[in-house]
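Please open the structure in a viewer and keep the selection panel at hand. The tour below proceeds from one selection to the next and states what is found at each stop.

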Amino acid sequence: MEIPAGFRFFPTEEELVSFYLRNQLDGRREEMHSVIPVLNIYDVEPWDLPQLAGERCRRDTEQWFYFTPRQEREARGGRANRTTASGYWKATGSPSYVYSSDDRVIGMKKTMVFYKGKAPSGKKTKWKMNEYRAIEAVPNPTAVTTTPMLRHEFSLCRIYVVSGSFRAFDRRPLEPVSRATQLHENRTASFSERASMMEVTSSSSTSHSGGDHSDQPEANEDDIWEMVNDLKEPPLGWEQMNWTGV
């Protein structure tokens, strides 16, 4: 299929988690792979990833998306190996929630920076990543409530290069501040009171974020589990969205 001139793939974070990641986790709509392919991004250097983007998005010069399967060591309870032949991806800042337009918690977002060389003395590069994981509400068999569950089978990774210009996420029309943003700020404030949590940047307080910001202290997997477990009777659920093609 010939892509018309000027075509760009500009999804919101809600669309990434509620539609694309959800359908990938459920094994539906393989046609999505022409936009977001399945790839273990840790087998590839970040500057080589644009050539492996979905066939409909290879002309994009700002951001690229991939479904990354869970590593075997993660399935055995270990930590993900985020090293490549020339460097490593390092988490920065605190993980944050992703909200739907009707204020439901639908996922988690973690930001990473690529460093060339060996840890911990690698040289920071301009390559960055947003890693998204879905949170699903699982019914309790002995109660009428639900329990939030972090899905690990696939994550959705957005790769981009830090630059001085506005990127795709930033150019999207801004929506009025919703109750989701206020909920996120309140939860973030409670997390900041714990000694184990790091400072959250203001750019992570909205589901339309993704801008360039200064690196914060490294986050870890325990932060994500703590945030998921902290959700008490959360407004969880999947956003029902229709496939309209790209």
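The stops that follow begin with the whole chain and then turn to a helix, the cores, the charged pairs, two single residues and a cavity.

**The whole chain**

Begin with the entire protein in cartoon view, bearing in mind that this is a predicted model. Five helices and six strands make up its secondary structure. Traced from the N terminus, the order of elements is α-β-α-β-β-β-β-β-α-α-α. If the 246 residues are coloured by burial, 50% of them count as buried.

**Helix H1**

Select residues 13-25, which form helix H1. Is this helix mostly covered or mostly exposed? It is mostly covered, as twelve of the 13 residues of H1 are buried. Among these buried residues are Glu13, Glu14, Arg22, Asn23 and Gln24, together with Leu16, Val17, Phe19 and Leu21. Move on to Gly27, just after H1, where the backbone takes a positive phi of about 70°.

Keep this region in view and show the side chains of Arg22, Asp26 and Arg28, which are linked in a network of salt bridges. Arg22 also belongs to the buried residues of H1.

**The nonpolar cores**

Next, select Phe9, Tyr20, Leu21, Ile36, Phe67 and Leu156 and display their side chains. These are the residues with the most contacts inside the largest nonpolar core, a set of 19 residues. Which elements each supply at least two residues of this core? They are H1, strand E1 (63-69), strand E4 (123-139) and strand E6 (154-161). H1 gives the largest share, six residues. A second core, separate from the one just shown, has 16 residues; to find it, select Ala53, Trp64, Tyr66 and Ile159, which are included in it. As background to this stop, nonpolar side chains in soluble globular proteins tend to be buried together.

**Salt bridges**

How many salt bridges does a search of the whole structure find? The search finds nine. Side chains of opposite charge can pair when their charged atoms come close.

Select Glu131 and Arg82, whose side chains meet in a salt bridge at 3.5 Å, N to O. Glu131 lies in strand E4, while Arg82 lies in the loop between helix H2 (72-75) and strand E2 (87-99), so the pair ties together parts that are 49 residues apart in sequence. Both partners are buried: Glu131 has a relative accessibility of 4%, and Arg82 has a relative accessible area of 13%.

Now select Glu136 and Arg151, which form a salt bridge through their side chains at 2.3 Å, N to O. This pair links distant parts of the chain, with Glu136 in strand E4 and Arg151 in the loop between strand E5 (146-150) and E6, 15 residues apart. Add Glu153 to the selection: its side chain meets that of Arg151 in a salt bridge at 2.9 Å, N to O. Are Arg151 and Glu153 buried or partly exposed? Arg151 has a relative accessible area of 9% and therefore counts as buried, whereas Glu153, with 33%, is partly exposed.

**Two single residues**

Return to the segment before H1 and select Phe10. At 26% relative accessibility, Phe10 counts as partly exposed. Draw a C-alpha to C-alpha distance from Phe10 to Gln63: the two residues are 53 residues apart in sequence and 9.2 Å apart in space.

Then go to Ser100, in the loop between E2 and strand E3 (105-116). Ser100 counts as buried because its relative accessibility is 4%, under the 20% cut-off. The side chains of Ser100 and Asp102 are joined by a polar contact of 2.4 Å.

**An internal cavity**

For the last stop, display the internal cavities. Rolling a probe the size of a water molecule over the atoms shows where empty space is left. The structure holds three cavities of 30 Å³ or more, and the second largest contains about 70 Å³ of space. To locate this second largest cavity, select Thr68, Pro69, Glu74, Arg133 and Ser155, which lie nearest its centre among the 13 residues of the lining. E1, E4 and E6 are the elements that give two or more residues to this lining. Coloured by class, the lining shows four nonpolar, four polar and five charged residues.

How values were computed. Residues numbered from 1 in each chain as written. Predicted model: local features only at pLDDT ≥ 70, side-chain atom pairs only at ≥ 80, totals over all residues. Heavy atoms only, no water. Buried < 20%, exposed > 50% of the residue type's maximum accessible area, 1.4 Å probe, protein only. Helix = DSSP H or I, 4+ residues; strand = E, 2+ residues; numbered from the N terminus. Core = buried A, V, L, I, M, F, W, Y, C linked by side-chain atoms within 4.5 Å. Salt bridge = Lys/Arg side-chain N within 4 Å of Asp/Glu carboxyl O. Polar contact = N/O pair within 3.5 Å; in protein donor to acceptor, adjacent residues only side chain to side chain. 1 Å grid on protein atoms, 1.4 Å probe; cavity = no way out; pocket = protein on both sides within 12 Å on 5 of 7 lines; lining within 4 Å. Points joined across faces, edges and corners; volume = space filled by probe spheres on them. Nonpolar A, V, L, I, M, F, W, Y, C, P; charged D, E, K, R; others polar.
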